[in-house]
Amino acid sequence: MNVDETQTKQKQQQQQQPSVSLSLDDVNPVGLGRKSRQLFDEVWRKFSGLGQISRTTRADDRESLDALLIREGPMCEFAIPGAQNTTVLVVGATSRIGRIVVRKLMLRGYTVKALVRKADEEVVSMLPRSVEVVIGDVGDPETLKSVVEGCNKIIYCATARSTITGDLFRVDHRGVYNLTKAFQDYNNKLAQLRAGKSSKSKLLLAKFKSADSLNGWEARQGTYFQDVVASKYDAGMDAKFEYTETGEAVFSGYVFTRGGYVELSKRLSLPLGRTLDRYEGLVLSVGGNGRSYILILEAGPSADTTQSKLYFARFTTKVGFCRARVPFSSFRPVKPDDPPLDPFLVHTLTIRFEPRRQRLEGPTAVKQDLRSFKLKLEYIKAFPTGQETDFVLVSCTGLGIESTRREQVLKAKRAGEESLKISGLGYTIIRPGPLKEEPGGQRALIFDQGNRISQGISCADVADICVKALHDSTARNKSFDVCYEYVAEQGRELYELVAHLPDKANNYLTPALSVLEKNT
């Protein structure tokens with residue numbers, strides 16, 4: 001074969017070979033990771049299917065369905081250290097998520113109590129025999145006192161069976177409030193029997209119950225402009241703090257001066273042995289008609305206040321009484337070069353009003369003068385810190401709910417979430433996408449904050465997150481959305497959500513939640 005024949009043959013072989021073209025998506029590590037997980041998911045489904053002796057598809061066979069949801073996939077049972085000494089109360093134990101939570105807890109060695117309204121044979125038959133069934137109603141606080149006795153943690157999976165406002169209020173809003181209060185009362189009772197104070201109790205900093213309780217509080221005024229230009233715009237300002245005949249402590253006044261502000265301040269006097277570094281933030285019970293205020297903490301050596309640093313955080317009130325939760329982590333130094341807030345050094349608390357940045361909504365907002373204010377004060381407390389969560393609440397994102405009733409459902413759900421956040425208990429709020437009754441551990445999960453998820457999730461995956469959150473320090477005081485992994489929609493690729501494979505062999509929850517914001 002001569003040289004010409006050899007070159008001709010090589011050209012023919014090159015023409016027969018398909019051309020290969022690479023794009024950025026083909027070498028993108030995120031895309032490669034997603035493709036590898038999809039291949040893994042497909043192989044795992046086929047593999048796990050081989051190990052199934054039988055599959056039950058009848059909707060009425062709950063035991064077989066539970067076994068399929070719990071045992072299929074990598075998230076099978078395993079013991080957790082300390083589980084035998086932990087009693088978990090499951091509310092909504094017969095719900096789609098609750099019945100899987102109960103069985104996962106038992107497989108891991110927990111003592112489980114299930115709250116039901118009526119111990120009907122049909123209800124009891126849906127629960128394992130070793131579960132302690134307790135009778136109570138989340139809408140009736142009196143029935144919950146005995147229910148929480150002996151419990152260390154709570155998982156709340158209950159939801160209203162209808163979208164009637166009364167049912168939503170009773171279960172999703174008031175039910176959460178009633179149960180958190182009963183649990184706190186029980187913890188306080190235990191602490192008193194042990195001649196101590198519950199680690200879950202809030203610290204009372206101020207309670208305005210009489211005229212004498214206003215002693216030590218000073219109403220002051222000032223301006224951000226310290227030059228003669230301010231005098232040209234000085235239209236006056238005034239503030240007072242008084243205890244009214246109706247039994248209310250009211251801080252009120254007006255600010256017509258440009259750059260002016262008024263404030264209410266007091267030097268804190270903490271009980272012996274108590275310091276604010278053992279707490280995570282402040283809770284204020286106030287009535288402020290929608291005005292926003294600035295909370296200022298002064299921190300530094302008590303003996304030399306000239307070395308003190310100022311830290312501020314904003315909070316907004318609502319029409320009527322509300323509770324404003326302000327974590328210490330949200331405070332920022334007035335001077336950017338100052339170090340972060342050290343709660344141990346806090347010695348003075350100030351509430352400031354200024355006309356700027358006031359935003360009112362509603363039909364009455366136009367009629368109100370944003371330069372005047374009236375703030376009713378009931379109490380100021382510090383809520384405690386801790387390592388683990390005490391109360392896991394399964395909420396929802398609103399996806400999958402009919403548009404005609406989505407708003408009222410979310411309103412009740414969010415109100416329940418707020419009551420848990422201000423309770424002082426360590427909380428984990430899970431907002432899953434639309435629930436699917438399929439095995440868990442099959443697909444990668446995305447954890448996010450900001451109402452951006454668009455997919456559903458298995459009930460078994462949500463149940464596993466509930467159980468894992470009980471002893472995960474990164475889950476304490478966090479709320480988040482969770483769903484199956486998905487590709488961002490066109491125009492929303494500016495962020496990349498990290499997917500985590502659920503598996504009993506690795507703690508996927510810690511890396512998933514460690515990047516999310518706390519106290520949200």
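Me: Before anything else, what makes a patch here?
Reply: Patches are made of residues with over 30% relative accessible area and no salt bridge, with nonpolar side chains joined within 5 Å; please keep in mind that this is a predicted model.

Me: OK, so which residues make the nonpolar surface patch?
Reply: Leu310, Phe312 and Val334 make that patch, which covers about 230 Å² of surface.

Me: And Phe312, where is it found, and why can it count towards a patch?
Reply: Phe312 lies in strand 12, which spans residues 309-316, and because its relative accessible area is 31%, Phe312 is partly exposed and passes the cut-off of over 30% that patches require.

Me: Switching to strand 10, is that buried or exposed?
Reply: Strand 10, residues 279-287, is mostly covered, with nine of its nine residues buried.

Me: Which strands does it pair with, and in what sense?
Reply: Strand 10 runs antiparallel to strand 16 (residues 372-384), the two being joined by eight bridges, and strand 10 also pairs in the antiparallel sense with strand 13 (residues 321-327), over seven bridges.

Me: Can you give me bridge partners for Val286 and Leu282, and what are they?
Reply: Val286 has Leu377 of strand 16 as its bridge partner, while Leu282 is partnered by Val326 in strand 13.

Me: Last topic, where is Gly247 found, and how far is it from Ser210?
Reply: Gly247 belongs to the loop between strand 7 (237-243) and strand 8 (249-255), and although Gly247 and Ser210 are 37 residues apart in sequence, their C-alpha atoms are 7.2 Å apart in space.

Me: Why does Gly247 count as partly exposed?
Reply: Gly247 counts as partly exposed because its relative accessibility is 36%, which falls between the 20% and 50% limits.

Conventions:
Residues numbered from 1 in each chain as written. Predicted model: local features only at pLDDT ≥ 70, side-chain atom pairs only at ≥ 80, totals over all residues. Heavy atoms only, no water. Patch = residues over 30% accessible without salt bridge, like charges linked within 9 Å, V, L, I, M, F, W, Y side chains within 5 Å. Areas by Shrake-Rupley, 256 points an atom, 1.4 Å probe, with all protein chains shown as cover. Salt bridge = Lys/Arg side-chain N within 4 Å of Asp/Glu carboxyl O. Helix = DSSP H or I, 4+ residues; strand = E, 2+ residues; numbered from the N terminus. Buried < 20%, exposed > 50% of the residue type's maximum accessible area, 1.4 Å probe, protein only. Pairing = 2+ DSSP bridges.
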